[in-house]
Number of protein chains: 2
Amino acid sequence: MTERNKCQQCAVRSQSLCNTIGSEAAGDLARIVHRLRVPEGRIIYGDHERSKTYSIIVSGVVKLVNTRPDGRHQIAGLQFPGDFVGRPYAATSNLTAEAATDLELCSFSGRVFEDLLAKHAELERALLQRILLDLDAAREWMFLLGSKSAEEKVSTFLSMIHDKMVLSGSLEVGAQGQSMIPLPLSRTEISECLSLRLETVSRQFSQLKSRGIIETSGRRQFRIIDMAALRAYSDAQSVSA
Amino acid sequence: MTERNKCQQCAVRSQSLCNTIGSEAAGDLARIVHRLRVPEGRIIYGDHERSKTYSIIVSGVVKLVNTRPDGRHQIAGLQFPGDFVGRPYAATSNLTAEAATDLELCSFSGRVFEDLLAKHAELERALLQRILLDLDAAREWMFLLGSKSAEEKVSTFLSMIHDKMVLSGSLEVGAQGQSMIPLPLSRTEISECLSLRLETVSRQFSQLKSRGIIETSGRRQFRIIDMAALRAYSDAQSVSA
DNA sequence: TCTAAACTTTGATGCGCATCAATGAAGTCC
DNA sequence: GGACTTCATTGATGCGCATCAAAGTTTAGA
């Protein structure tokens, strides 16, 4: 892929949707895109949303929330920079996509994007590949929800955040010992993501701190002191003490 | 869609992949398909499988198993008649697809099917739509794994089996009171699907029986006596007694 | 039909996390 | 900059499901 194939406007990382397609499709895509800033808490799509839009995240984090009639709710997925947000080919969705942090988006109006999908098979293929990755991730997360202990869940969550930061270029590989990493979610949101109560999440944070594996600063930042230990706790059974 | 557009060979239900595409693509697809019988327990793809194949299930159930180094494993999805089985665009998968029951498949060799995907955009679109449904289902199942009680999990599982039987035409709507429904999984497999222990699954079966909501016959058949109650227990909080 | 193996059910006990409750720290507004 | 509000931490207790253990049932094979 040559440099001019890349979408300069929303270039985030190489795997981004608009960087995996040819120049003609990319050109068409660039013509209909517009930049958008979205404040934390804003609903992007869901429930009673009529006007459909699709986006690629430039910066920030989107949470996909599964809300139930009885008030229980769960975060069914997090989308990071470079990820595609939207649900093509469906009038409604049981999920609500909400800005977990302030966002910058590359946004496409629903109708136009769908036409473009029909026009460029390669764009549709790129989308299919991306959705398949989301499906892999969802099935992997199912294992966490069903089979991991609270300790494993919180450790997995923190290393996942670290890995996403590295992937999106916001953090250098191996720099975790030095750099503070921003937490995109509150304790309550983390608990909804891991299917724990927030008290349990807090206790696991405390334990990881007391073991010297992580440090925290304020409510929204953490530093990984011992990455190897964090990874070990993420898939424990290995740890006996 | 006209009748001749339908793939007569593997026509299972209207949503099946080969029934949502045009006649030319369907013709090409029919030309490369071959029927295949697979005995229970056989691995369809996964782990160290080299030769890729894709299939549409004609009859039987496939389980997608997530196996971990430490021996824990979980069923990450079930595929029923009409469903697509395979993981395009990936050399490997962490999942193993295994015949939960004896199967009849419409099978496509990997290379040829991928060429066909590239040739017919409409086939790729149909696949994308199907994968999106799988993603919706996976995210819905995440809620079960993370947030439902053992009672809700088992009730949900049984009504899901019922619904799938109806969808695939093996059971008439509203006939649940009369007909025995075959269970495609053992207690152990059900427990791996719901992230419970098999003893807990068994206890929930017993409780549903003692309440007169279901009956069982042998290990692999059940009858739904009171569908409304079963549905209520599937999303409890509603039930207080 | 009898026997053995595999699977399922039922019972007793304990642990992990939820729940209830209170204190403490961090941002926000005047 | 002090008071308020929101969010996070820590503690005490209880319940749901895992775990350990044993008996019962179904299926297959001699």
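This report covers one strand of chain B and the protein surface around DNA strand D. The model is predicted.

**Strand β3 of chain B**

β3(B) spans residues 53–59 and is mostly covered. Five of its seven residues are buried. Two strands of chain B pair with β3(B). One is β8(B), residues 103–109, joined to β3(B) by six bridges. These two strands run antiparallel. Within this pairing, Thr53(B) faces Ser109(B) across the strands. The other partner is β6(B), residues 84–85. Here two bridges link the strands, again in the antiparallel sense. Ile56(B) stands opposite Phe84(B) in this pair.

**The surface around DNA strand D**

The surroundings of DNA strand D comprise 19 residues. Those that come nearest are Arg187(A), Ser206(A), Ala150(B), Arg197(B) and Thr200(B). By class, the surface holds nine charged, seven polar and three nonpolar residues. On the DNA side, 59% of the strand D atoms within 4 Å of the protein belong to sugar or phosphate. The rest belong to bases.

Three side chains make polar contacts with DNA strand D, as tabulated here.

| Residue | Atom of DNA strand D | Distance |
|---|---|---|
| Thr200(B) | phosphate oxygen | 2.4 Å |
| Arg203(B) | base oxygen | 3.1 Å |
| Arg219(A) | base oxygen | 3.2 Å |

Three helical elements each give two or more residues to this surface: α5 (187–194) and α6 (198–210) of chain A, and α6 (198–210) of chain B. The largest share, six residues, comes from α6(A).

Key. Residues are numbered from 1 along each chain as its sequence is written. Chains are lettered from A and ligands numbered from 1 in the order in which they are written. This is a predicted model: local features need pLDDT of at least 70, side-chain atom pairs count only at pLDDT 80 or more; totals for chains, interfaces and linings use all residues. Side-chain values use heavy atoms; hydrogens and water are left out. Buried means under 20% relative accessible area, exposed over 50%, partly exposed in between (1.4 Å probe, protein chains only). Helices (H or I, at least four residues) and strands (E, at least two) are DSSP runs, numbered from the N terminus. Two strands pair if DSSP finds at least two bridges between them. A residue is near a molecule or strand if one of its heavy atoms lies within 4 Å of it. A polar contact is a pair of N or O atoms within 3.5 Å; within protein, one must be able to donate a hydrogen and the other to accept it, and residues adjacent in sequence count only if both atoms are side-chain atoms. Ala, Val, Leu, Ile, Met, Phe, Trp, Tyr, Cys and Pro count as nonpolar, Asp, Glu, Lys and Arg as charged, and the others, Gly among them, as polar.
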